[in-house]
Structure formats: C-alpha cells, structure tokens
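Please open the structure in your viewer and keep the selection tool at hand. We will move from one selection to the next, pausing at each stop to see what is there.

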Amino acid sequence: MSRTSRRSQLLQAGSVRGAGGDCRMAPDPWFSTYDSACQIAQEIAEKIQQRNQYERHGESTTKLTVTIRALLQNVKEKIALLKDLLLRAVSTHQITQLEGDRRQNLLDDLVTRERLLLASFKNEGAEPDLI
C-alpha cells in the first residue's frame with residue numbers, strides 16, 4: 001500500500017492528524033494554573049526577601065506586607081483550584097492514574113512551598129529560597 005493511500009485511509013478513519021497535519025491537544029487549564037501559582041510563589045519569595053532587607057535597614061515595609069498578603073491569598077486560591085481540577089480530572093478519567101499521581105506530587109510540593117512562604121512571611125522560618 002502506498003503512503004498516499006495509507007494517509008487517506010487514516011484521515012477517513014478519523015486519525016488524530018487532520019487535513020493540516022497538525023497534532024495539537026487543547027491546552028490543559030491545570031498546567032497553566034500550576035505555572036501561574038509557581039510564578040506567584042516565586043514573586044512572594046522575592047518580596048519577602050525585599051521586605052526583610054527593608055526591615056534590616058529600618059525602612060517601611062507596610063506596602064510590601066500588603067502586597068505579600070494579597071499574593072499569598074492568590075496562591076492559596078490557585079492551590080484550591082488545582083486540587084479541584086485534579087480531583088475532577090481523575091474522577092472523570094480525563095487523565096491516567098499515573099498522570100494524576102504526578103500532578104498530585106507537583107501539587108504537594110507547591111503546598112509545601114506555600115507553607116514555607118507563609119512561615120517566612122510571619123518570620124517563623126528562614127528566608128525563602130529563590131528558584
């Protein structure tokens with residue numbers, strides 16, 4: 001069987017590749033939310049370090065403290081959304097169990113990072129690590 005006839009058979013059978021030959025899946029909102037949460041966590045770490053530096057130099061930290069609180073709330077909401085999206089994806093079999101486990105591990109690491117950032121914000125721990 002020639003390549004051309006095999007390709008037309010696959011296209012007629014509903015192969016993943018369409019007429020354009022492009023094979024892309026719809027973007028997964030879990031990953032865009034996860035990336036956003038990680039970026040916010042990084043921003044929080046930077047702002048906490050900046051706040052601590054301001055404190056050491058006797059400068060006002062009020063504005064930074066308000067910003068950090070807002071960012072901490074934002075990351076907390078994103079984590080809640082990620083948990084919900086993950087539960088829904090696993091329960092409706094949109095992803096495999098292995099992928100569900102992988103995402104759960106990523107989420108667990110993010111939750112741990114959030115807790116460390118909160119402790120650093122409250123001056124209960126060391127300064128956060130920057131990634």
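Begin by selecting E99 and R102 in this predicted model, and show their side chains, which meet in a salt bridge with 2.9 Å from N to O. Both residues belong to helix 4, where they sit three residues apart, about one turn of the helix. Are these two residues buried or partly exposed? E99 has a relative accessible area of 18%, and because buried means under 20%, E99 is counted as buried. R102, with a relative accessible area of 40%, is partly exposed. Keep both on screen, since salt bridges that share partners join D28, E99, R102 and R103 into one network.

Next, add D28 and R103 to the selection, and look for the salt bridge in which their side chains meet, at 2.5 Å from N to O. D28 lies in the loop between helix 1 (3-12) and helix 2, whereas R103 lies in helix 4, so this pair ties together parts that are 75 residues apart in sequence. R103 is buried, with a relative accessible area of 4%, while D28, at 29%, counts as partly exposed.

Stay with D28 for a moment, and ask which end of helix 2 it caps. D28 caps the N-terminal end, where one of its side-chain oxygens lies 2.9 Å from the backbone nitrogen of W30.

Now select the whole of helix 2, residues 29-56, which has 28 residues and reaches 41 Å from its first C-alpha to its last, close to the 40 Å expected at 1.5 Å a residue. If you colour its buried residues, you will be marking a set that includes W30, Y34, I40, I44, I48 and N52. Which helices do the buried residues of helix 2 pack against? Show helix 3 (62-91) and helix 4 (97-121) together with helix 2, and you will have both of those packing partners in view. Following helix 2 you come to G58, whose phi is positive, near 75°.

For the last stop, go to helix 3 and select R88 and D84, which form a salt bridge with their closest N and O atoms 2.2 Å apart. These residues both lie in helix 3, four residues apart, about one turn of the helix. R88 is partly exposed at 44% relative accessibility, and D84 is partly exposed as well, with a relative accessible area of 35%. The pairs visited on this tour belong to a count of four salt bridges.

Technical notes
Residues are numbered from 1 along each chain as its sequence is written. This is a predicted model: local features need pLDDT of at least 70, side-chain atom pairs count only at pLDDT 80 or more; totals for chains, interfaces and linings use all residues. Side-chain values use heavy atoms; hydrogens and water are left out. Helices (H or I, at least four residues) and strands (E, at least two) are DSSP runs, numbered from the N terminus. The expected span of a helix is 1.5 Å times one less than its number of residues. Buried means under 20% relative accessible area, exposed over 50%, partly exposed in between (1.4 Å probe, protein chains only). Contact means heavy atoms within 4.5 Å. A polar contact is a pair of N or O atoms within 3.5 Å; within protein, one must be able to donate a hydrogen and the other to accept it, and residues adjacent in sequence count only if both atoms are side-chain atoms.
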